[in-house]
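Work through the exercises below with the model open. Try each task before you read its solution.

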Amino acid sequence: MERGNYRKECGLSVSLYLYLCLSVSHHSAVSFPQTSLSLQEGHLQSPLKKRGRRYKGRRRLFSSDDLSSSSSASNMTHPLTTDGEEGDQEEERGDEEMLSEVQADHLPVTCGSATGSLQRDRFASGLIGRCIRTEDRWLSPCDFANENSCGEDGSNWKACIHCEGQPLSALIERRVLVPHSVLCQCRLCSSTESDRWQDNDDDCYACGSRGSLVCCDRCPHSFHTSCHLPRLEDLEDNNEPWLCTYCVLKDHQQSSPPGPLALSEALDSRLEHYLLQCQYLLLCLYKADQSKVFIQDPCQTVQGYAQHVESPMWLDKVSEKLLDGQYSTVSAFVRDIELIFHNCAQFNQDNQYGQMGVGLSDLFRAEFKKVFGVGH
């Protein structure tokens, strides 16, 4: 991570090192500009290239479907299955469940009404390792429990914090979470190692990958220099605090609350006056597109796409045009964003990719109204 000249490296070697130490909403009523195109089915049905480094998928720890099917199977005996074979099958199912658990890098956790995400390779003990990510910061299990009125000092964190209905004590017993030894001298446990790096995310907030990241000095967000908007390649190596676009926009809205604006007024505005808001909107879309479906040129990733789509558009192209100053008005920026989702809807109709487009379109429209103060 980098604050001025402070950089956080979160590559494969760090993950391996920590492993060894462990010993194991709906459509808006607002009418945005639309473009009419004649498209055909098949969009994004070919394998897609992913942006940047490989994104690690996250799987549920306790799948309700798996649990229910496992429960049903345990109450049934196949007429041709012996008791020994049944036991072997149960053992195999248990191994599969454990494998799924081990592959879950981030576990959804709750304490009362509070929610967070527990990052397994940051967990060391109740007090050591800020492993639980809330909306605005990282906390140790004890601090997370204490902030949510679970005991005076959070000492009962194993029972108070739950992961999909199971207390953390159950995960520790099953060795899904493995507390570090009191003699451990890893980066998490070392008394001589500064723990400032634990204030920020180990994954880029935009693309979800690890690597060399620049850290915001106010919020937990971290970014690759090429993923943040504006780009950070020319960030000076100094000790000046650096704030990400999310924090800069928050400061701006507190000093100059948005709107109220009519939609037409917002769309007709000069983009140079709302560059920050447009950068924020693009970052929201990059973050939400976890499958990396809308980032690259589909003509390069989907066979035959160019023959069926007259005006292809994708997020990296919009980002390039925005940074190059090719948009004079907000409406020109919005038209290109809407063109992405229009192409997707016409080409995919109601399949899974079409639904992804609907979700991102809803998000964009909601965030647009919020940051521009439309309808307030």
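Helices (H or I, at least four residues) and strands (E, at least two) are DSSP runs, numbered from the N terminus. This is a predicted model: local features need pLDDT of at least 70, side-chain atom pairs count only at pLDDT 80 or more, and totals for chains, interfaces and linings use all residues. Residues are numbered from 1 along each chain as its sequence is written, and side-chain values use heavy atoms, with hydrogens and water left out.

**Exercise 1. Place Tyr286 and describe its surroundings.**

Step 1. Tyr286 sits in helix H9.

Step 2. Check the accessibility. Buried means under 20% relative accessible area, exposed over 50%, and partly exposed in between (1.4 Å probe, protein chains only). Tyr286 has a value of 1%, so Tyr286 is buried.

Step 3. Look for a side-chain partner. A polar contact is a pair of N or O atoms within 3.5 Å; within protein, one must be able to donate a hydrogen and the other to accept it, and residues adjacent in sequence count only if both atoms are side-chain atoms. The side chains of Tyr286 and Asp316 form such a contact, at 2.5 Å.

Step 4. Look along the chain. Ala206 is 80 residues apart from Tyr286, yet their C-alpha atoms are separated by 5.6 Å.

**Exercise 2. Describe how H9 packs on H12.**

Step 1. Take the geometry. Axes are lines fitted to C-alpha atoms, for helices over the stretch in contact, and angles run from 0 to 180 degrees between N-to-C directions. H9 (residues 275-288) and H12 (residues 315-323) make an angle of about 160 degrees, and their axes are 11 Å apart.

Step 2. Classify the angle. Under 35 degrees counts as roughly parallel, over 145 as roughly antiparallel, 65 to 115 as roughly perpendicular and the rest as oblique. H9 and H12 are therefore roughly antiparallel.

Step 3. Assign the hand. A crossing is left-handed if the near helix is turned anticlockwise from the far one by less than a right angle, and right-handed if clockwise. H9 crosses H12 in the left-handed sense.

Step 4. List the contacts (heavy atoms within 4.5 Å). From H9 come Leu275, Cys278, Gln279, Leu282, Leu285 and Tyr286; from H12 come Leu315, Asp316, Val318, Ser319, Leu322 and Leu323.

Step 5. Sort them. Ala, Val, Leu, Ile, Met, Phe, Trp, Tyr, Cys and Pro count as nonpolar, Asp, Glu, Lys and Arg as charged, and the others, Gly among them, as polar. The contact of H9 with H12 has nine nonpolar residues, two polar and one charged.

**Exercise 3. Repeat the analysis for H13 and H14.**

Step 1. H13 spans residues 330-348 and H14 spans residues 352-372. Their angle is about 160 degrees, with axes 8 Å apart.

Step 2. H13 and H14 are therefore roughly antiparallel. Their crossing is left-handed.

Step 3. The H13 side includes Val330, Phe333, Val334, Ile337 and Phe341. Leu360, Phe364, Phe368 and Phe372 are among the H14 residues that they meet.

Step 4. The full contact of H13 with H14 divides into eleven nonpolar residues, four polar and two charged.

Step 5. Recall the helical repeat. An α-helix has 3.6 residues a turn, so residues three or four places apart point the same way.

**Exercise 4. Is Arg130 buried or exposed, and which residues does it touch?**

Step 1. Arg130 lies in the loop between strand S3 (114-119) and strand S4 (132-133).

Step 2. The relative accessible area of Arg130 is 18%, so Arg130 counts as buried.

Step 3. Leave aside neighbours within four places in sequence. Arg130 then touches Arg122, Trp138, Leu139, Ser140, Asp195, Gln198 and Asp199.

Step 4. With Asp199, the side chain of Arg130 makes a polar contact of 2.8 Å.

**Exercise 5. Inspect the backbone at Arg175, Lys292 and Pro230.**

Step 1. Arg175 is not a glycine, yet has a positive phi of about 65 degrees. Arg175 belongs to the loop between helix H6 (168-173) and strand S8 (212-215). At 48% relative accessible area, Arg175 is partly exposed.

Step 2. Lys292, also not a glycine, has a positive phi of about 55 degrees. Lys292 lies between H9 and helix H10 (298-301), in the loop. Its relative accessibility is 4%, so Lys292 is buried.

Step 3. Leu229 and Pro230 are joined by a cis peptide bond, with omega about 0 degrees. Pro230 is in the loop between S9 and H7.
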